[in-house]
Amino acid sequence: MRKKIVAGNWKMNKTLQEGTELGESINNYLKKHNPGQVEPVLCTPSIHLAAVTDIVDNNIIKTGAQNCSEKESGAYTGEISASMIKSAGATYVILGHSERRSYFMEDDDLLYNKTITALKNELKVIFCCGEVLKERENQNHFQIVRRQLETGLFNITDQQFLNVVIAYEPVWAIGTGVTATSQQAQEMHHFIRGLVEEKYGNTIAEDTTILYGGSCNAGNADELFSLPDVDGGLIGGASLKSDDFCKIIGSF
Ligand code: PEP
């Protein structure tokens with residue numbers, strides 16, 4: 001069965017105290033209003049992970065990091081390893097977010113290595129893909145997403161792929177207030193599911209969770225989540241307010 005997920009990407013926001021308060025507030029709401037089939041995930045700054053994981057009910061809410069090193073351990077000052085993230089109690093790690101790709105020059109090969117390391121350490125991967133505006137204007141968006149997935153992700157085994165969630169995030173929609181239309185989102189999600197089917201077969205493709213990300217909020221989530229190939233959202237700005245994030249979770 002395809003899992004529904006709403007994951008908040010807090011990015012580099014919130015002090016430790018603010019972060020634990022946000023986690024606590026989301027937890028209190030969801031303990032009263034059971035999210036049912038939906039798995040809420042809080043992708044916090046790494047330094048908040050252990051505290052937020054401790055404060056939430058892990059039967060209801062999972063936590064995740066926003067990045068990890070491709071290296072296992074060693075002399076890599078400032079890096080955070082997959083095993084550290086796992087040991088903090090996290091379940092997920094986001095890889096390939098467009099901000100990592102553009103500001104930190106993370107390319108497909110590096111992302112493939114990060115994915116392998118994360119999976120080896122028993123983290124689930126939320127693997128992001130998506131085109132920039134120019135690529136869509138030039139009608140290259142399908143080609144770009146195909147390349148990102150085929151090079152950065154699809155060399156893992158069937159067994160490994162079972163622990164992957166794909167997030168389609170058109171870069172022009174991230175943090176801009178401009179959301180993909182229902183038609184644009186459904187068309188790309190359907191395309192992505194088709195790529196998964198080509199590589200891993202129909203059963204795995206049908207069971208793959210594909211999230212939409214890019215200015216998804218409490219006002220538009222229900223429309224996006226009603227699309228047949230959209231299985232939830234990766235939420236940036238709107239995940240920083242407990243009321244908004246909980247409303248999005250309740251949008252299914
Ligand atoms: C994101 O950065 O993953 C994201 C979807 O951001 P926003 O919701 O703010 O567009």
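**Notes on helix packing and the ligand site**

1. Let's start with the helices. H5, covering residues 108-120, packs against H7, covering residues 141-152, at an angle of about 45°, and their axes are 8 Å apart. That angle makes H5 oblique to H7. As for handedness, H5 and H7 cross in a right-handed way. Bear in mind while reading that this is a predicted model.

2. H7 has another partner to look at. Helix H9 runs over residues 182-200, and its axis comes within 11 Å of the H7 axis, with a crossing of roughly 40°. So H7 is oblique to H9 as well. The H7 and H9 crossing is right-handed.

3. Next, a pair that brings together H1 (residues 16-32) and H12 (residues 242-249): the two axes come within 9 Å and cross at roughly 40°. H1 therefore counts as oblique to H12, the class being oblique because the angle is neither under 35 degrees nor in the 65 to 115 range. Here too the handedness is assigned: H1 passes H12 in a right-handed crossing. If you wonder why I keep quoting two numbers per pair, packed helices are described by the angle between their axes and the distance between the axes.

4. Now to the ligand. Which residues come closest to the ligand? They are Lys 11, His 97, Glu 169, Gly 175 and Ser 215, out of 14 residues that surround the ligand. By class, that shell splits into eight polar, four nonpolar and two charged residues.

5. For your contact list, here are some polar pairs involving ligand oxygen. On the side-chain side, a polar atom of Glu 169 sits 2.7 Å from an oxygen atom of the ligand. The backbone contributes too: an N or O backbone atom of Ser 215 is 2.8 Å from a ligand oxygen atom, and a polar backbone atom of Gly 237 lies 2.9 Å from an oxygen atom of the ligand.

6. How much of the ligand's accessible area does the protein cover? On its own the ligand has 290 Å² of accessible area, and the protein covers 95% of that.

7. To pull the site together: Glu 169 and Ser 215 are both among the closest residues. Glu 169 makes its 2.7 Å approach through a side-chain atom, whereas Ser 215 makes its 2.8 Å approach through a backbone atom.

Technical notes. Residues numbered from 1 in each chain as written. Predicted model: local features only at pLDDT ≥ 70, side-chain atom pairs only at ≥ 80, totals over all residues. Heavy atoms only, no water. Near = heavy atom within 4 Å. Polar contact = N/O pair within 3.5 Å; in protein donor to acceptor, adjacent residues only side chain to side chain. Areas by Shrake-Rupley, 256 points an atom, 1.4 Å probe, with all protein chains shown as cover. Nonpolar A, V, L, I, M, F, W, Y, C, P; charged D, E, K, R; others polar. Axes fitted to C-alpha atoms, helices over the stretch in contact; angles between N-to-C directions. Helix = DSSP H or I, 4+ residues; strand = E, 2+ residues; numbered from the N terminus. Parallel < 35°, antiparallel > 145°, perpendicular 65-115°, else oblique. Left-handed = near helix turned anticlockwise from the far one by under 90°.
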